[in-house]
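User: I am new to this structure and would be grateful for a close look at one part of it. Please take the loops and the places where helices meet, and explain them in a connected account.

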Amino acid sequence: MKRPSFWFVLFVFVLAGVLAFTNQNPFLQITEKDVLVNLPKNFPKPVYRFAGNKPSPEGFTLGRKLFYDEILSKDGTVSCATCHQRIAAFAHIDHALSHGIYAKIGTRNVPALQNLLWNTSFMMDGRVTDLESQPVNPITNAIEMDETMEGVEKKLRSNNEYRQLFARAFGDSMATKDKILKALAQFTGLMISSNSRYDKFMRHEDTLSAMEKNGLTTFRKKCTGCHSEPLLTDNTFRNTGLAPDSSLKDTGRGKITANKNDDFKFRVPGLRNIEITYPYMHDGRFRNLQQVIAFYANGANFGRGADPMLRKIGALSAKEQSELLAFLKTLTDRQFLYDRRFADPRMP
C-alpha cells in the first residue's frame with residue numbers, strides 16, 4: 001500500500017487542528033455575515049455603537065465561549081448562561097430570584113438580554129451605564145460569581161485554548177480585562193430581537209387577528225407611557241406600585257442615587273419575548289402574564305409611591321385583559337430565540 005505523502009499528512013493534521021479549535025459542529029461556525037450589525041430601520045440610533053470594537057467572527061466566538069463558560073466564576077460553577085438562559089430569551093425561568101455561587105440566592109429576578117445596544121443603563125437599578133462595563137458587576141458580585149477580574153485574567157492566561165482564541169480575536173494571546181469585556185460586548189450586543197409577528201405586522205408583512213389588534217389598541221392607550229414602541233421600554237425607572245417584599249429589603253434605584261424619591265423604582269423592562277421570560281416583576285412574584293395584567297388592571301393594587309402613569313391605565317375588563325394578553329404573545333421573536341449564533345458552543 002502506498003504511503004501518504006508528507007504534504008497530505010500535514011494538510012490533514014492542520015485541518016484537524018483547525019476543526020478542533022473552531023468547534024467541530026459546522027452549525028456553530030461564525031462568519032463575517034454573522035457579525036454584521038443589522039440595525040432595524042424603525043429603531044432609534046443605538047447608544048452603544050461598537051466604537052473601537054467592531055464585531056469580528058473571532059471576537060464574537062470568543063465572547064460566546066466566555067458567556068457560556070463557568071470559568072468566569074470563582075469555583076467554576078456559574079456562567080453568564082447559568083442565569084441568562086437561551087431557552088428563555090436569556091432570562092431565567094427556573095427561579096423567581098437569581099441563583100449564584102455556593103447556592104446563594106439573589107434579591108432580584110433575572111432580566112432578559114435583548115436589544116442591549118439601545119439601553120441607556122443596565123441592571124434593574126441602573127448602576128451600570130455602559131454595555132462593555134456591565135459584566136464586571138455579576139463577575140465580581142459576591143452572590144453571583146464572586147470572582148475578581150484579575151482572577152479571571154489569570155485563569156484565562158493559563159488556558160491554552162483561550163490563549164489561541166484571544167490571539168485570533170485581538171492579535172495578542174494575553175487575556176486582559178479590556179479584551180474580555182469587548183468580546184462579551186460583541187456577543188451580547190448582537191442579540192437583536194426585531195422579527196416578531198408584531199414587527200412583521202408593523203412592516204406590513206403579516207397580519208394580526210381581530211383579538212390581537214384590539215390588544216394592540218389597548219396597549220397603545222394604556223401601556224406605551226412606559227413601554228414605548230418600538231423598543232417597548234422608555235429606559236426610565238418607575239415605581240410599579242408593588243408592595244415591597246420585606247424579606248428582600250430592596251429599595252431599587254434609591255440605593256444607587258441615595259435619593260428617597262427613587263426608592264422602589266426599577267428600570268422599565270422591554271417587553272419583547274415577554275411570553276417566555278417568566279416569572280415577572282423585579283422580584284419574580286408573578287408566575288404568568290395573566291397575573292401581571294390583572295395587577296395593572298386594578299388601581300386598587302397600587303401601593304404608596306406608585307408611578308402616576310399607572311393611574312392612567314384605569315380599569316381593564318376581562319375582555320380587554322384577554323386581548324392584551326393575545327397581543328403580548330405577538331412579541332415573541334422565534335427567529336431570535338432559535339438563532340444558532342447564540343447557542344452554547346459546547347453543544348454536540
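Analyst: A disulfide is a pair of cysteine sulfur atoms within 2.5 Å. The model shown here is a predicted one, and a search of the whole structure finds zero disulfides. For Cys 83, the nearest cysteine sulfur belongs to Cys 80 and is 9.1 Å away, so by the 2.5 Å limit Cys 83 is in no disulfide. Cys 83 counts as buried, at 9% relative accessibility. Cys 226 is likewise in no disulfide, the nearest cysteine sulfur being that of Cys 223, 8.7 Å away. With a relative accessible area of 11%, Cys 226 is buried.

The account now turns to the loop that holds Pro 230. This residue lies between helix 9 (210-222) and strand 1 (237-238). Glu 229 and Pro 230 are joined by a cis peptide bond, with omega at about 0 degrees. Pro 230 has a relative accessibility of 15%, and because buried means under 20%, it counts as buried. Leaving aside residues up to four places away in sequence, Pro 230 touches Asn 42, Phe 43, Pro 44, Tyr 198 and Arg 272. Its C-alpha atom is separated by 25 Å from that of Leu 184, a residue 46 positions away along the chain.

A cis peptide bond also leads from Tyr 278 to Pro 279, where omega is near 0 degrees. Pro 279 is placed in the loop between strand 2 (266-267) and helix 11 (289-296).

Two further loop residues have a positive phi although they are not glycines. Lys 249, in the loop between strand 1 and helix 10 (253-257), has a phi of about 50 degrees. At 69% relative accessibility, Lys 249 counts as exposed. Phe 264 is found in the loop between helix 10 and strand 2, and its phi is about 65 degrees. Phe 264 is partly exposed, with a relative accessible area of 30%.

Helix 9, which precedes the loop of Pro 230, packs with helix 13 (residues 318-329) at an angle of about 100 degrees, their axes being 7 Å apart. Angles of 65 to 115 degrees count as roughly perpendicular, and helix 9 and helix 13 are therefore roughly perpendicular to each other. Among the residues that meet are Met 211, Leu 216 and Phe 219 in helix 9, and Leu 324, Phe 327 and Leu 328 in helix 13. The residues of this contact divide into seven nonpolar, four polar and four charged.

Helix 2 (residues 57-68) and helix 7 (residues 177-189) pack at about 95 degrees, with axes 7 Å apart. These helices are therefore roughly perpendicular to each other as well. Their contact includes Phe 60, Leu 66 and Phe 67 in helix 2, and Ile 180, Leu 184 and Phe 187 in helix 7. Nine nonpolar, four polar and one charged residue make up this contact.

Both helices also border helix 5 (residues 149-157), whose buried residues are Met 149, Gly 151, Val 152, Glu 153 and Leu 156. Those residues pack against helix 2, helix 4 (136-140), helix 6 (160-170) and helix 7.

Asp 34 completes the picture, in the loop between helix 1 (6-22) and helix 2. Asp 34 is buried, with a relative accessible area of 12%. Its side chain reaches the backbone nitrogen of Thr 31 at 2.9 Å. Not counting residues up to four places away in sequence, Asp 34 touches Gln 29, Leu 190, Arg 340 and Arg 341.

Terms used
Residues are numbered from 1 along each chain as its sequence is written. This is a predicted model: local features need pLDDT of at least 70, side-chain atom pairs count only at pLDDT 80 or more; totals for chains, interfaces and linings use all residues. Side-chain values use heavy atoms; hydrogens and water are left out. Buried means under 20% relative accessible area, exposed over 50%, partly exposed in between (1.4 Å probe, protein chains only). Axes are lines fitted to C-alpha atoms, for helices over the stretch in contact, and angles run from 0 to 180 degrees between N-to-C directions. Helices (H or I, at least four residues) and strands (E, at least two) are DSSP runs, numbered from the N terminus. Angles under 35 degrees count as roughly parallel, over 145 as roughly antiparallel, 65 to 115 as roughly perpendicular and the rest as oblique. Contact means heavy atoms within 4.5 Å. Ala, Val, Leu, Ile, Met, Phe, Trp, Tyr, Cys and Pro count as nonpolar, Asp, Glu, Lys and Arg as charged, and the others, Gly among them, as polar. A polar contact is a pair of N or O atoms within 3.5 Å; within protein, one must be able to donate a hydrogen and the other to accept it, and residues adjacent in sequence count only if both atoms are side-chain atoms.
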